Amino acid sequence: MAGGQEHWDEVYGARSEDELTWFEATPSVSLDLVRTHLHPGEAFIDIGAGASRLVDALLEAGLGPLTVLDLSGAALAVSRRRLGPQGSDVTWIEADIATWVPERDYAVWHDRAVFHFLIRAEDRAGYARAMSDALCSGGVAIIATFADDGPEKCSGLPIARYEPEDLARELARLLPGQFETIDARRHMHITPKGNRQSFQYSVFRKAVP
């Protein structure tokens, strides 16, 4: 993945979580979409979760089992400290999503702002393989990226911007016939400094054989 583990460990070590541009005190769009598609007792995974508070909200809602994956151990440590004893109810995975091999099936896959960092074709292919292998038949993938009018860089790294149609075409190229779009929406994220960042959220369902 772009930047590598050392880069992201430095990012999370340099500032508190509420100073990071992607910080959300309440991840309302993600939470709404996850709660729409995740039923009690179904497995969920948050890809590139960093120090996101989505896992906190899902624990409070009694959903799970929950898995959190990130390239940065420093980011995962922030969430584990914040959750305290509750963190023992979460499976924590430190891994590069482009090379990760899932060990179980999930009903819902959530990614807020990882895929747009994958500017190398081989990284996107690895991500797609992991997503396909991780999701059960009929499972749902929620993928949020910067929209076509969003930032061109994040944390000093170049990103690839997408409209829902662009992302759907890329997934169809990577995973022909495996996923269909079932929802898409735009969202304007306001950073802690008050800057505006345009996102798109796309929801895909894995085909049932």
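## The chain as a whole

How much area does the chain expose, and what share of it do carbon and sulfur atoms supply? The exposed area comes to about 9400 Å², and carbon and sulfur atoms supply 48% of it. Keep in mind that this is a predicted model.

The C-alpha trace spans about 45 × 35 × 30 Å along its principal axes. A compact globule with 209 residues would have a radius of gyration near 17 Å, and the chain's 16 Å agrees with that. Some 54% of the 209 residues count as buried. Take the contacts between residues at least 6 apart in sequence: 70% of them join residues at least 24 apart.

## Strands side by side

The chain has six helices and nine strands. Seven of the strands make up an open sheet with mixed pairing, and the order runs E3-E2-E1-E4-E5-E9-E8. At the edges sit E3 and strand E8 (179–190), each pairing on one side only. On average, neighbouring strands in this sheet are turned by 15° against each other, ignoring direction.

Look at strand E1 (residues 44–47) next: E1 and E4 run parallel, joined by four bridges. One residue to find here is Phe44, whose bridge partner in E4 is Val108. Helix H5 packs on the sheet as well, touching E1, E4, E5, E8 and E9, and its direction makes about 140° with that of E5.

## Two nonpolar cores

Which residues of the largest nonpolar core touch the most other members? Out of its 34 residues, they are Phe44, Leu58 and Ile142. Several elements each supply at least two residues of this core, including helix H2 (28–37), strand E2 (66–70), helix H4 (73–83) and strand E5 (135–146). Helix H3 gives the largest share, five residues.

Phe44 turns up again here. Leaving out residues up to four places away in sequence, Phe44 touches Val34, Leu38, Leu54, Leu58, Pro65, Leu66, Thr67, Tyr106, Val108 and His110. Apart from this core lies another one, of 29 residues, among them Ile45, Ile47, Ala141 and Phe179.

## A closer look at Ala128

Is Ala128 buried or exposed? Its relative accessibility is 2%, so Ala128 counts as buried. Ala128 belongs to helix H5 (residues 121–134), the helix that packs on the sheet.

Setting aside neighbours within four places in sequence, Ala128 is in contact with Leu174 and Leu175. Phe115 is 13 residues from Ala128 in sequence, and their C-alpha atoms are 9.7 Å apart in space.

Methods: Residues are numbered from 1 along each chain as its sequence is written. This is a predicted model: local features need pLDDT of at least 70, side-chain atom pairs count only at pLDDT 80 or more; totals for chains, interfaces and linings use all residues. Side-chain values use heavy atoms; hydrogens and water are left out. A nonpolar core is a set of buried Ala, Val, Leu, Ile, Met, Phe, Trp, Tyr and Cys residues joined through side-chain atoms within 4.5 Å. Buried means under 20% relative accessible area, exposed over 50%, partly exposed in between (1.4 Å probe, protein chains only). Contact means heavy atoms within 4.5 Å. Two strands pair if DSSP finds at least two bridges between them. Axes are lines fitted to C-alpha atoms, for helices over the stretch in contact, and angles run from 0 to 180 degrees between N-to-C directions. The radius of gyration is taken over C-alpha atoms; the globule rule is 2.2 Å times the number of residues to the power 0.38. Accessible areas come from the Shrake-Rupley method with a 1.4 Å probe; for residues, only the protein chains shown count as cover.
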